[in-house]
Amino acid sequence: MNLRVDAPPQARIRRFGRSQKWVHRTTAALMGVCVATAACLYVPQFAELVGRRELVVRVHEWAGLALPVPALLGLASRAFRADLGFLNRFGPHDRVWLRAALRRDRRRTSRPAGKFNAGQKVYASWIAGATLVMLGTGLLMWFTHLTPIQWRTSATFVHDWLALTIGIVLAGHIGMALADPEARRGLRTGSVSREWAEREHPLWRP
C-alpha cells in the first residue's frame, strides 16, 4: 500500500488589504475606459465600428474626470497611505535595482527591493504625474469658451501625444504583470507566497 503525504501548503503573507485592491481595480477600470474610448475617437477603424461619437466623447470625459477619485478616497485608509509612503521614498537600494535593470542583470542579489521595487516606484510616479497633466489638458479642451485658442491648441497637442505615451507604458505595465502570476495573485487575493516575497522583495518586512 502506497501512502502519499501531501506537501504542506506554501506559506503566504499579506501584501494588500481591501483598500489597496479597491483603489487599484477601480483606477485600472477607469484607465481602461479612457484608453478604449480614446482609441474609438482617434483610430478611424474603431470609430466606424463603434459610432455614436458624441456618447464616446462624454464617456471619455467623465471617466477621465473620475480617474483621480479612487486614489483620493483611498487616502482615508491608513494602509493605502502607508503604501504611498513606500512608493514615494527612494533609497540607495533603488538605484542599485535600476542599474541592474538597465544591465538586464536578473540575479537576486543585484535587485534589492522593499515592498515596491524601483521600477514600480518610477511607474507609479510617472503615471500619477501623467494623469494630472491629462486631466488639466482635458479640462482646457472641454471648457473651450474659457481659454484662448492658443491654449486649447497646445493642450490638444500635449493631450494627444501623452495619451499615446500612456498607452505604450500601460502595455509594458500589463506585460510585466502577465509575466508574474504571483504578483497578479497578490493584487487579486491580497496575499503572496513567502518564497516569492523573499525572492522579489528581499528588503520588505511585512
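**Exercise 1. Architecture of the chain**

In what order do the elements of the protein chain run from the N terminus on?

*Solution.* The model under study is predicted. Step 1: the protein chain holds 10 helices and 2 strands. Step 2: read from the N terminus on, these elements follow the order β-α-α-α-α-α-α-α-α-α-β-α. Step 3: the C-alpha trace spans about 75 × 45 × 35 Å along its principal axes. Step 4: of contacts between residues at least 6 apart in sequence, 69% join residues at least 24 apart. Step 5: of the 206 residues, 32% count as buried. The accessible surface amounts to about 13700 Å², with 65% of it belonging to carbon and sulfur atoms.

**Exercise 2. An aromatic pair between two helices**

Classify the ring pair of Trp62 and Trp142, and state which parts of the chain the pair ties together.

*Solution.* Step 1: aromatic rings pair if their centres lie within 6.5 Å, and planes over 60 degrees apart count as edge-to-face. By this rule there are 4 aromatic pairs. Step 2: the ring centres of Trp62 and Trp142 are 5.4 Å apart and the planes stand at 85 degrees, so this pair is edge-to-face. Step 3: Trp62 belongs to helix H3 (residues 53-66) and Trp142 to helix H7 (residues 118-142), so the pair ties together parts 80 residues apart in sequence. Step 4: with 52% relative accessibility, Trp62 counts as exposed, whereas Trp142, at 24%, counts as partly exposed. Step 5: Trp62 and Trp142 form one aromatic cluster together with Phe143.

**Exercise 3. Charges over rings**

Over which rings do the charged ends of Arg15 and Lys121 sit?

*Solution.* Step 1: the charged end of Arg15 sits over the ring of Trp204, at 5.0 Å from the ring centre. Step 2: the charged end of Lys121 sits over the ring of Phe90, and here the distance to the centre is 5.6 Å.

**Exercise 4. The nonpolar cores**

Which residues make up the largest nonpolar core, and which elements give two or more residues to it?

*Solution.* Step 1: in soluble globular proteins, nonpolar side chains tend to be buried together. Step 2: the largest nonpolar core has 11 residues, namely Leu30, Met31, Cys34, Ala63, Leu67, Ile127, Ala130, Met134, Leu162, Ile166 and Leu170. Step 3: two or more residues of this core come from each of helix H1 (18-42), H7 and helix H8 (149-178). Step 4: a second, separate core has 5 residues, among them Ile13, Val192, Trp196 and Trp204. Step 5: residues up to four places away in sequence aside, Ile166 touches Met31, Trp126, Ile127, Ala130 and Met134.

**Exercise 5. Helix H5**

Identify the buried residues of helix H5, their packing partners and the residue that caps the N-terminal end.

*Solution.* Step 1: in H5 (residues 78-88), the buried residues are Phe80, Asp83, Gly85 and Leu87. Step 2: these buried residues pack against H1, helix H4 (69-74) and H7. Step 3: the N-terminal end of H5 is capped by Ser77, which has a side-chain oxygen 3.3 Å from the backbone nitrogen of Ala79.

**Exercise 6. Thr137 and His159**

Are Thr137 and His159 buried or exposed, and which backbone oxygens do their side chains approach?

*Solution.* Step 1: Thr137 is found in helix H7, and His159 in helix H8. Step 2: buried means under 20% relative accessible area. Thr137 has 9% relative accessibility and therefore counts as buried; at 9%, His159 counts as buried too. Step 3: a polar side-chain atom of Thr137 lies 2.9 Å from the backbone oxygen of Val133, and the Thr137 side chain reaches the backbone oxygen of Met134 at 3.2 Å. Step 4: the backbone oxygen of Met134 also lies 3.4 Å from a polar side-chain atom of His159. Step 5: leaving out residues up to four places away in sequence, Thr137 touches Ala155, Val158 and His159. On the same basis, His159 touches His60, Met134, Thr137, Gly138 and Met141.

**Exercise 7. Ser193 in strand S2**

What separates the C-alpha atoms of Ser193 and Arg12, and which backbone nitrogen does the side chain of Ser193 reach?

*Solution.* Step 1: Ser193 is placed in strand S2 (residues 191-193). Step 2: at 2% relative accessibility, Ser193 counts as buried. Step 3: Ser193 and Arg12 are 181 residues apart along the chain, with 4.2 Å between their C-alpha atoms. Step 4: the side chain of Ser193 reaches the backbone nitrogen of Trp196 at 3.1 Å.

Conventions. Residues numbered from 1 in each chain as written. Predicted model: local features only at pLDDT ≥ 70, side-chain atom pairs only at ≥ 80, totals over all residues. Heavy atoms only, no water. Phe/Tyr/Trp six-rings, centres within 6.5 Å; stacked < 30°, edge-to-face > 60°. Helix = DSSP H or I, 4+ residues; strand = E, 2+ residues; numbered from the N terminus. Buried < 20%, exposed > 50% of the residue type's maximum accessible area, 1.4 Å probe, protein only. Lys NZ or Arg CZ within 6 Å of the ring centre and 35° of its normal. Core = buried A, V, L, I, M, F, W, Y, C linked by side-chain atoms within 4.5 Å. Contact = heavy atoms within 4.5 Å. Polar contact = N/O pair within 3.5 Å; in protein donor to acceptor, adjacent residues only side chain to side chain. Areas by Shrake-Rupley, 256 points an atom, 1.4 Å probe, with all protein chains shown as cover.
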